[in-house]
Structures are given as structure tokens and as C-alpha cells.
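Subject: Structure handover

Hello,

Here is the structure you were waiting for. Please open it first; my notes follow below.

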Amino acid sequence: MAEQARSGEWLESWNPEDAATWDSRLAWRTLWVTTFCLTLAFAAWFLPSAIIPKLGALGYEFSKSQLYWMAAMPGLSGGLLRIVWMVLPPILGTRKMVAWSTLLLIASTLGWGVRVQAPTAPYWELMTLAFLAGIGGGVFSGFMPSTSFFFPKAKQGVALGLQAGIGNFGVSLVQLATPLLIGVGFLGFIGHSQQLEVAGQAPREVWYQNAAFIWIPLMVIGSGLAWTMLKSVPVKASIRQQFDIFGNVDTWWMTILYIMTFGTFSGLSAQFGLLMANLYGSGNVHIVSGTGAAAHVLIAGYAVPDPTRYVFLGPLVGAAARIAFAPLTDRMGGAVWTLVSGLGLIASIAYTIPALSPDLTSAATLHSGFTHFLWGMIAIFLFTGVGNASTFKQMPMIFERRQAGGVIGWTAAIAAFGPFFFGVGITSIGATAFYAVGIGWAVLCVVITWLRYARKGAPRPS
């Protein structure tokens, strides 16, 4: 259909289910601009996870518990802010919401770039920056529903899979780019260099502000693209009207399922580096000469892994799986792939649990344990990506359009607490027990998926 606009922004009418009038060019333009901004949002959200594991090496003196809480804070704020953003699409419209939200990302990103340059910031200030980073997580619950308004149901699996999957690449992108950017001196034109001191390694000069400042010009560009290229669909609903989703039992079932998928993805993405460092890095073992099996003693010959070299792999696999499986969910339905996701998570979490208790008796057992841990974590990320794609196919099939947008926003909000849940869980009951809880949750999700959505004659096949 022609882009008939009200006040230069709002479309007069919009019905993507009518193939004769659907403006596919506008829909796909909206998808790509919003996806670019969403990728930057995820980069801002997970920037702390790329920096926090190295705060000690940069001179800050925080305990392991404090660092876990700091890494968990963006998840807490992201979940809370998603509840805010989930109601914004009908109120602000896509154009204003995406443009303004992208500008807001600059606040925390700039703060981290300033505060890594010297170990002088108090704990509360870094916790505040971690909280503000949650804006990058919060916008997801506005961006995704607003994009769903532009596409027919038959194409929403691919459209939302592409947007969320490419957006999720922002996690691995910031974690992959950070160790590369910090070593490039000519980019450090703002601020001064720092000395990175890691046990067993020679101190080296780094420019950690690069890992933050590099994103700010892109955020300005993204906001400009959104303001000049996007329109808004006239889907109008008050906050009270949008909350009618809570009277539908499927809202609650899908929330439980999305906690299993995206809650696990976001939680592990935020805690992966710290967990690796504390289990197999210098946070748990120290390089010494000689032999022995005493706790916190490492036999010479074991190379302590640098989390920044590996931490991007999990989110990368999870995001790629979300994109790759999105077309399959359009073809086969989402429920069957949610079932696959749950069963895969049960198996991969069970496989990983033994590696959460490193064997310190020799360098060989530590090498073997780390390899076991890394592959187990990658498998978990893979199956979260499958489930992230499938659940976002299910929701538009189960709910009518306005409710589907609200449910997408709500489930995404609750699942965004993943980094917070993982940080608190690992700190309070330990990694092994917390992973066992994860198996129990996945079993519950498999049962729900089979009985409600996937079996022959299911009440809500999707």
C-alpha cells in the first residue's frame, strides 16, 4: 500500500494480511533499520560483561561476589525496563520509540568508556552504569512488537527471527571486538592508556575506553536513520487495554518457555566470562612450579584461559541458531522446535555440570575440564537459539495481533532478568546446583510444550 501518513509519521491504515495492499518495502526497511539499532542496544547491554571480568586486572579491588552482582545488574534493569518499553509501541509509535531509545544508549556506554581509564570509581557508580546499560535490554520489548505490526503472520517467524538473531549478535560482537579494540593505540584518541596486569602474564598497555567509545557514533547514526526512515503503524491501545494479555493463560505458559530460552541465553551471555575465569582462570587457580593437588594450586604447564578470547563464542552460536532456525519455524511451526530446544537443553546442561567442578590434580585434567566446559556451554547456547526462534513464531500464531505484540514484550521483559537470575543463583547456591535447577526448568517446559502446543490434538497448536 502507499505510505499514507498522518502528521508525516503515522500511517493512515495498515493491514499486512492483505497481500494486494501490503507495502513490503516499508516493512523490510523498518526491519533493517530497527535491527541495526537493536544490535547496538545489545552491544550497550552487554558491554559491562566484556569489561567487568577485567576490572581487577585494571586495578579495581572488588570481590567475586561484587563482580557477579555487577554483571547481574544489567539483567535486573533490562527486565524492569522491558516492562516499560512493552507498552510504548502503540503510544509513541515505531519512529519516535526507536530514535529516542537509540540515543539513550549513549549514557551508559560513555560512562564505561570514562571509568575504565582509572580504577577510581566507587562501587555504587559502576553499579549505576551497569543499571543504565539495561536500557539496551529494555528496548527489545518495544522494538520487536512494533516490528511484528509490519509483517503478516506467515512471515513473522523469519522477520522476528532475523531481527532478534541479528540483534543478539550485538552480544558476541561487543565481546569479540573488545579484546581487539583495547590493543589499538591509535583509537585511544580520547583519554589515556591503562596497564592490564593478569596473573602469569606480563603487564601490557591497553586502551579499554575504545571498547565503549567505538559504539557512540554508530548510536547517533542509528537514531538518525530511525528518525528519517521509519513510519508508525496506527495500533492504538492504552496501557490498561494492553494489560488484558494477563487474562490469557497462554501468556503465562509462553513466559515460562521464553525464560528457558532467552533467559538462559542472556544469563549465560552475561556470566560466561566471569564463570570461566572463576572456574578455570587465575580467579580460582594460580600458576606455580612443582606438583600437588591442593585447592587453588595449579601444576605448571597449564595455560590459564583468557575469557575475552572465548566469551563471544556462546552468544555467537545462539544468535546464529536463532536466525538459521527461523525459516524452519515458519515451515514446520514453532512448537516442535521449542520441544527440540527443551530436550537439547536438558542434555547439554547435564553434560556441562561435571565441568563446573574443576579437577586440580594435574594440568592435563584442567585442560580436559576446560574443553568439556567450553563445548558444553556452546551446546547450551545452540539450543537456546533454537528456542528463541521457535517461541517467537508461536506467539503471533497463538494471539491476535495487538495481544501478540504485548505478549512478545512481556515475555521478553521477564526473560531479560536472566543475567540477574544467573548472577544471584550462582552466587547463592553455586554453579552446579543452579545448573541442576536449569534442568528441572527445562523438563517443565518440555511437558508444557508437548501438552499445550506440540502434540496431536493440542489445545493451541503453534
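Start at Phe420, which sits in helix H19 (residues 418-429). Bear in mind that this is a predicted model. Phe420 reaches across a long stretch of sequence: Gly75 is 345 residues away along the chain, yet the two C-alpha atoms are 4.9 Å apart. Which residues does Phe420 touch, once neighbours within four places in sequence are set aside? They are Trp69, Ala72, Gly75 and Leu76.

Now the overall picture. The protein has 20 helices and 4 strands. Its C-alpha trace spans about 75 × 55 × 30 Å along the principal axes. The radius of gyration is 22 Å. For 462 residues, a compact globule would come out near 23 Å, so the value agrees with that expectation. Of the 462 residues, 59% count as buried. Contacts run over long sequence distances: among those between residues at least 6 apart, 82% join residues at least 24 apart.

On the surface and charges. The accessible surface comes to about 16,800 Å². Carbon and sulfur atoms account for 68% of that area. There are 25 positive and 16 negative side chains. The centres of the two sets lie 7 Å apart.

Next, helix H5, residues 106-115. Its buried residues are Ile106, Ser108, Thr109, Gly111, Trp112 and Gly113. What do these buried residues pack against? The list is helix H1 (24-51), helix H2 (64-85), helix H4 (94-104), helix H6 (123-133), helix H10 (210-213) and helix H11 (216-229).

Then the salt bridges. How many does a search of the whole structure find? The count is 6. Three of the pairs are described here.

Lys96 and Glu9. Their side chains meet at 2.7 Å, N to O. Lys96 is in helix H4, and Glu9 is in the loop between strand S1 (5-6) and strand S2 (10-11), so the bridge ties together parts 87 residues apart in sequence. Is each partner buried or exposed? Lys96 has 23% relative accessibility, so it counts as partly exposed. Glu9 has 3%, so it counts as buried. The cut-off for buried is under 20%. This pair also belongs to a wider set: Glu9, Arg95 and Lys96 are linked in a network of salt bridges.

Glu125 and Arg115. The closest N and O atoms are 2.7 Å apart. Glu125 lies in helix H6 and Arg115 in helix H5, so the pair ties together parts 10 residues apart in sequence. Arg115 counts as partly exposed, because its relative accessibility is 22%. Helix H6 is also one of the helices that the buried residues of H5 pack against.

Lys393 and Asp330. These side chains meet in a salt bridge at 2.8 Å, N to O. The pair links distant parts of the chain, with Lys393 in helix H17 (residues 363-398) and Asp330 in helix H15 (residues 313-332), 63 residues apart. Lys393 has a relative accessible area of 6%, so it is buried. Asp330 has 23%, so it is partly exposed.

To go through these in the viewer, begin with Phe420 and its contacts, including Trp69 and Leu76. Then turn to the buried side of H5, where Trp112 is among the buried residues. Finish with the network of Glu9, Arg95 and Lys96.

Best wishes

Key:
Residues are numbered from 1 along each chain as its sequence is written. This is a predicted model: local features need pLDDT of at least 70, side-chain atom pairs count only at pLDDT 80 or more; totals for chains, interfaces and linings use all residues. Side-chain values use heavy atoms; hydrogens and water are left out. Helices (H or I, at least four residues) and strands (E, at least two) are DSSP runs, numbered from the N terminus. The radius of gyration is taken over C-alpha atoms; the globule rule is 2.2 Å times the number of residues to the power 0.38. Buried means under 20% relative accessible area, exposed over 50%, partly exposed in between (1.4 Å probe, protein chains only). Contact means heavy atoms within 4.5 Å. Accessible areas come from the Shrake-Rupley method with a 1.4 Å probe; for residues, only the protein chains shown count as cover. Lys and Arg count as positive and Asp and Glu as negative; His and the chain ends are not counted. The place of a charge is taken as NZ of Lys, CZ of Arg, CG of Asp or CD of Glu. A salt bridge is a side-chain nitrogen of Lys or Arg within 4 Å of a carboxyl oxygen of Asp or Glu.
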